[in-house]
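Q: Please take a close look at one part of this structure: the salt bridges between its side chains. Then connect that part to the rest of the chain, in terms a first-year student can follow.

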Amino acid sequence: MEQTKKILYDLQNTICTNMRLSDDNKKDSPSIYRNSAATFQICSEELKNYIDQAIPLKRIIVDSETLYVCDISNLTDSDYNSLVFQCRGDVLKSRETTTQIMHAYFNDHVSYSIIQNLGRVININRKCPYVAGSIVFVPDKGPSKHHVNWIGLHHLKNYSSYNDKTLLSFIHHHELIINLNIKNVHKLFDQAIRLYLVELQISREWQLLFAPTQNFDTDTLLQRKTRSKMSGANAPSPIGWHTKLVYSLSFKMVTLTLGEDDPYLEDIKEAFALVEDEIET
């Protein structure tokens with residue numbers, strides 16, 4: 001077994017050695033050929049180097065390996081609007097804005113507006129983090145009116161003050177130096193933790209609420225009908241039907257307050273329907 005491990009280890013080293021470029025070519029090579037550990041310094045002086053070396057893509061798809069989504073739309077001497085840093089050491093660039101890149105990610109997963117609504121419940125009204133399961137992206141500014149930078153906190157191991165800025169230490173020894181002081185980063189991280197804990201608690205409570213308390217005969221009418229309905233059918237979104245439940249209860253409270261004959265009830269019902277349609281799409 002030990003001999004086999006040694007052979008595999010030597011083979012891996014040989015492959016990695018053969019893939020390395022000479023020192024003369026390293027500077028101009030795509031980041032995929034560089035050592036995976038890299039110190040990213042996100043500042044105007046260094047951005048030009050990243051833009052030159054980054055891999056150009058027509059569309060960048062953010063994933064769980066994304067460390068940092070950087071807005072460079074304010075750089076007048078570049079045709080690109082965004083840089084994306086990956087935990088493997090890759091740097092990607094695109095003419096898409098960071099807003100377009102992140103909205104595409106949100107549309108494929110949980111809507112950011114839903115996360116924002118949940119954040120408002122715990123008084124997170126600005127710079128709301130995007131927390132969905134174990135994925136956490138935090139904007140460095142309010143994203144509603146500007147293209148902003150997004151930090152992938154799900155890879156963060158630590159952070160510390162660095163020359164009036166903040167040094168972020170990620171897995172695989174990656175580092176990012178961002179133009180935010182330690183106080184602002186404390187606040188962003190605190191909001192992310194609070195929202196993560198709330199979502200975790202909601203998930204646990206709903207699982208306990210609907211968990212079966214005992215084993216039933218699988219040949220009951222209920223079980224047979226359930227199997228026939230679920231066969232080939234799309235499962236309803238838990239967020240969607242939970243939100244509909246909230247709006248249903250809200251509409252009932254409004255109706256009791258205003259009275260069933262109030263002329264504004266139809267307008268309120270239409271407004272609720274529009275929100276439900278937005279959630280489903």
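**Salt bridges and their surroundings**

A: Asp52 and Lys48 both belong to helix 3, which covers residues 44-53, and they sit four residues apart, so about one helical turn separates them. The model is a predicted one. In it, the side chains of Asp52 and Lys48 form a salt bridge, with 3.1 Å from N to O. How buried or exposed is each partner? Asp52 has a relative accessible area of 48% and is partly exposed. Lys48 is also partly exposed, at 41%.

This pair belongs to a set of four salt bridges found in a search of the whole structure. Another of them joins the side chains of Arg88 and Glu65, again with 3.1 Å from N to O. Here the partners come from distant parts of the chain, 23 residues apart. Arg88 lies in the loop between strand 4 (82-86) and strand 5 (91-94), while Glu65 lies in the loop between strand 2 (55-56) and strand 3 (66-71). Glu65 is partly exposed, with a relative accessible area of 27%.

Arg88 also meets Asp90 in a salt bridge, at 3.3 Å from N to O. Asp90 has a relative accessibility of 6%; buried means under 20%, so Asp90 counts as buried. Which residues does the network of salt bridges link? The network links Glu65, Arg88 and Asp90. Arg88 takes part in both of the pairs just described, one with Glu65 and one with Asp90.

Strand 3 leads on to another contact. Tyr68 is found in strand 3, and at 3% relative accessibility Tyr68 is buried. How far apart are Tyr68 and Asn149 in sequence and in space? Along the sequence, 81 residues separate Tyr68 and Asn149, but their C-alpha atoms are 7.3 Å apart in space. A second pair can be described in the same manner. Met102 is in helix 4 (residues 98-108) and is buried, with a relative accessibility of 0%. Met102 and Val148 are 46 residues apart in sequence, with 10.0 Å between their C-alpha atoms.

Salt bridges should be kept apart from disulfides. A disulfide is a covalent bond between the sulfur atoms of two cysteines. How many disulfides does the structure hold? The count is zero. Two cysteines can still be placed: Cys70 is buried at 2% relative accessibility, and Cys128 is buried at 4%.

Next come the nonpolar side chains, at the surface and around a cavity. Ile193, Tyr196 and Leu197 form a nonpolar patch on the surface, and together they have about 260 Å² of accessible area. Tyr196 is found in helix 6, which covers residues 182-210. The relative accessible area of Tyr196 is 33%, so Tyr196 counts as partly exposed.

Helix 6 also takes part in the lining of a cavity. Rolling a probe the size of a water molecule over the atoms shows where empty space is left. A search of the whole structure finds one cavity of 30 Å³ or more. The largest cavity holds about 60 Å³ of space. Its lining is made up of Val138, Ile151, Leu153, Leu168, Ile178, Val185, Leu188 and Phe189. Which element gives the most to this lining? Helix 6 does, with three residues.

Two loop residues complete the account, and both concern the backbone angle phi. Most residues other than glycine have a negative phi, and most peptide bonds are trans. Asn163 has a positive phi, near 50 degrees. Asn163 lies in the loop between strand 9 (156-162) and strand 10 (165-170) and is exposed, with a relative accessibility of 63%. His172 likewise has a positive phi, near 60 degrees. The place of His172 is the loop between strand 10 and strand 11 (175-178). At 48% relative accessibility, His172 is partly exposed.

To return to the request, the salt bridges described here include one within helix 3, between Asp52 and Lys48. They also include a network that links Glu65, Arg88 and Asp90.

Key:
Residues are numbered from 1 along each chain as its sequence is written. This is a predicted model: local features need pLDDT of at least 70, side-chain atom pairs count only at pLDDT 80 or more; totals for chains, interfaces and linings use all residues. Side-chain values use heavy atoms; hydrogens and water are left out. Helices (H or I, at least four residues) and strands (E, at least two) are DSSP runs, numbered from the N terminus. Buried means under 20% relative accessible area, exposed over 50%, partly exposed in between (1.4 Å probe, protein chains only). A disulfide is a pair of cysteine sulfur atoms within 2.5 Å. Patches are made of residues with over 30% relative accessible area and no salt bridge: like charges are joined within 9 Å, nonpolar side chains (Val, Leu, Ile, Met, Phe, Trp, Tyr) within 5 Å. Accessible areas come from the Shrake-Rupley method with a 1.4 Å probe; for residues, only the protein chains shown count as cover. On a 1 Å grid over the protein atoms alone, a cavity is a set of points where a 1.4 Å probe fits but cannot get out, and a pocket is an open set with protein on both sides within 12 Å along at least five of seven lines; lining residues have an atom within 4 Å of a point. Grid points are joined across faces, edges and corners, and a volume is the space filled by probe spheres set on the points.
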